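Subject: Handover of a structure and findings

Dear colleague,

Please find the structure below. My notes on its parts follow, with each term explained where it is introduced.

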Amino acid sequence: MKTPIPRPGIDKIAAYVPGASQAPGAPRVFKLSSNESPLGASPAAIQALSAAVTSLQLYPDGASTALRQALADRHGLEAERILCGCGSNEIIGLVAQAYLDSGDEAVIPRYGFSEFEIVTRANGGVPVMAAETDFTADVDAMLAAVTPRTRIVFLANPNNPTGTFLPAAEIRRLHAGLPPHVILLLDEAYAEYAGNPWESGLALARAAQNVVVTRTFSKIFGLASLRVGWGYFPVAMAEAINRIRFPFNVSSVAQAAAKAAMEDEVFLQAARDHNDRWRPWLEREFTALGLRVTPSACNFLLVHLPEGKSAAEAYNALLIQGVIVRPLSAYGLPKALRISVGSEEGNRTLIRSFATFMKRPAVGGNIS
Ligand SMILES: Cc1ncc(COP(=O)(O)O)c(C=O)c1O
C-alpha cells in the first residue's frame, strides 16, 4: 500500500535532541544541559511581558517593528535589513528554505551546531562537513569544501558545542574566499558572552551582499521559552525571506519582553559578570580534577574525560546528584560532555559531584 513519503533527505535527519530536564529522585535539579541563563530574565522584561498580556486576543505586529527598530538603533544597523523569528532557529531554517535547492550543498564545520545539518537536509540539501583543528573551525578546510553546488556556508561564531570561535581576520578571509553567490551565515547566539578578542560579523554583513548574522534572546537575555531571535540580512535576502516567513512568527509578549530585555543594560552586565566569574572558575576546577577543557567564549564548557573514564558514567553519576549535563555522542564526541555555567550553587554542586565521580575506580580498573 502506498503511504505518504517525505522529501528525500528527511529520513537521514537525526532529530534534534534537546538537553534533558529531569533528574528523578534528586532533591534539587541544576539544569546545565541547554546553555540557559542561571540568572533568569530581566525584571524589566517580565514587566513588559505582563503589560502585553492584556492584549492576547490581538495578533502581534507581524513585522516586529518596534523590536527591529530598537535592535537597529542598538547595533547601528538598518531596521529594514533585520528580521525577527521564532528563535534564531527559525531564521536559520528560513535561509536554508529560501536558498537551497535539491542537491545543493552547505558547508558546515565538523563540530558545528547540529541545526545546520538538520535545516540543510530538511530542504533537500547536502551537508558537507569540513574538518576542524582543536575543535575550532578551519577556514582552509571550509574553503576547500566549497564546490559549484555550494549555496551556504554555516558557521556558529562562537560555536556550540565547542565554545570556540574564529577571530575577525579569519572570518574576513573565509568571506573573501567565497564566490559572491554563496551565503556566509554567521550564527552569533553567544555573542554577548564572547567579549574580547571575539568580534561580531555585523560590520562585515553590513558591507557585504552575501553575509547573514543571526542572534538570539534565548541565551544571555534569559528568554529561551519565549522564542525570539533575529537576523541581519542583505536587503535582497531580507525581501526574499519575508515572502516565505509566516506572518505572525513572533508573539506580542515575546516582542515586548525582548525589547525590554535588550534595553536593560544593568541586567545584561550582571549576566556577563556572572559568566566571566564562573566560567574560569569551572575551567580551573575541572583542570584540577584532571579533565581537559576546550577554551570557551560562551556560557558553557566542552569537558573531555580522561582515559579510563566514561562520559556516560559521569553523566549518570551527576544526574543522581540532580546535575544535568549534555552528552555529545550525537556529535561524535562520546568522551566529552557539554556543561553550562550555572548558578553558584549549581556550579559548586557540579564540581563536588564530579570530584566524587573522578575518585571512583576507573572503568576496566580493578574493582575488588
Ligand atoms: C549556536 C546556536 N545557534 C542557535 C541556537 C538556537 O537558539 P534559538 O533559541 O534562538 O532558536 C542555539 C541554541 O542552543 C545555539 O547554540
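Two residues are said to be in contact when they have heavy atoms within 4.5 Å of each other. Helices (H or I, at least four residues) and strands (E, at least two) are DSSP runs, numbered from the N terminus. A residue is called buried under 20% relative accessible area, exposed over 50%, and partly exposed in between (1.4 Å probe, protein chains only).

The model is predicted: local features need pLDDT of at least 70, side-chain atom pairs count only at pLDDT 80 or more, and totals for chains, interfaces and linings use all residues. Residues are numbered from 1 along each chain as its sequence is written, and side-chain values use heavy atoms, with hydrogens and water left out.

**The two domains**

The domain assignment, whose bounds come from an automatic or database source, gives domain 1 (10–40 + 266–359) and domain 2 (43–263). Their C-alpha centres lie 25 Å apart. At the interface, 31 residues of domain 1 are in contact with 28 residues of domain 2.

The size of an interface is often given as the accessible area lost when the parts come together. Buried area is this loss (1.4 Å probe), summed over both parts. Domain 1 and domain 2 bury about 2500 Å² between them, and 64% of that is on carbon and sulfur atoms. The elements that give two or more residues to the side of domain 1 that touches domain 2 are α11, β11 (292–294), β12 (300–304) and β15. Of these, α11 gives the most, with six residues.

A salt bridge is a side-chain nitrogen of Lys or Arg within 4 Å of a carboxyl oxygen of Asp or Glu. The rule finds zero salt bridges across the interface of domain 1 and domain 2.

**Helices α2 and α13**

In helix α2 (residues 65–75), the buried residues are Leu 67, Arg 68, Ala 70, Leu 71 and Ala 72. They pack against β2 (82–85), β10 (229–232) and α10 (252–263). Just after α2, Gly 76 takes a positive phi of about 65 degrees.

How far apart are the end C-alpha atoms of helix α13 (residues 344–359)? The expected span of a helix is 1.5 Å times one less than its number of residues. For the 16 residues of α13 this gives 22 Å, and the end C-alpha atoms are 23 Å apart, which agrees. The buried residues of α13 include Gly 346, Leu 350, Phe 354 and Phe 357. Among the elements that cover the buried residues of α13 are β1 (30–31), α11 (265–288), α12 (311–320), β13 (323–324) and β15 (333–340).

**Salt bridges**

By the rule above, the count comes to 14 salt bridges. In one of them, Arg 74 is paired with Glu 265, with the closest N and O atoms 3.4 Å apart. Arg 74 lies in helix α2 and Glu 265 in helix α11, so the pair ties together parts that are 191 residues apart in sequence. Arg 74 is partly exposed, with a relative accessible area of 33%, and Glu 265 is partly exposed at 46%.

Arg 173 and Glu 170 also meet in a salt bridge (2.9 Å, N to O). The two residues are three apart in helix α6, and so are separated by about one helical turn. An α-helix has 3.6 residues a turn, so residues three or four places apart point the same way. Arg 173 counts as partly exposed at 34% relative accessibility, as does Glu 170 at 22%.

Are the partners in the salt bridge of Arg 215 and Glu 188 buried or exposed? Both Arg 215 and Glu 188 are buried. The closest N and O atoms of this pair are 3.0 Å apart. Arg 215 lies in strand β9 (residues 211–216) and Glu 188 in the loop between β8 (183–187) and α7 (191–194), so the pair ties together parts that are 27 residues apart in sequence. In addition, Glu 78, Arg 81 and Arg 206 are linked in a network of salt bridges.

**Two buried residues**

His 175 lies in helix α6 (residues 168–176) and is buried, with a relative accessible area of 18%. Leaving aside neighbours within four places in sequence, His 175 is in contact with Leu 184, Leu 204, Ala 208, Asn 210 and Val 211.

Val 107 is found in strand β3 (residues 105–109) and is buried, with a relative accessible area of 0%. Leaving aside neighbours within four places in sequence, its contacts include Val 128, Met 142, Ile 152 and Phe 154.

Yours sincerely,
A colleague

Key
Buried area is the accessible area (1.4 Å probe) that two parts lose on being put together, summed over both.
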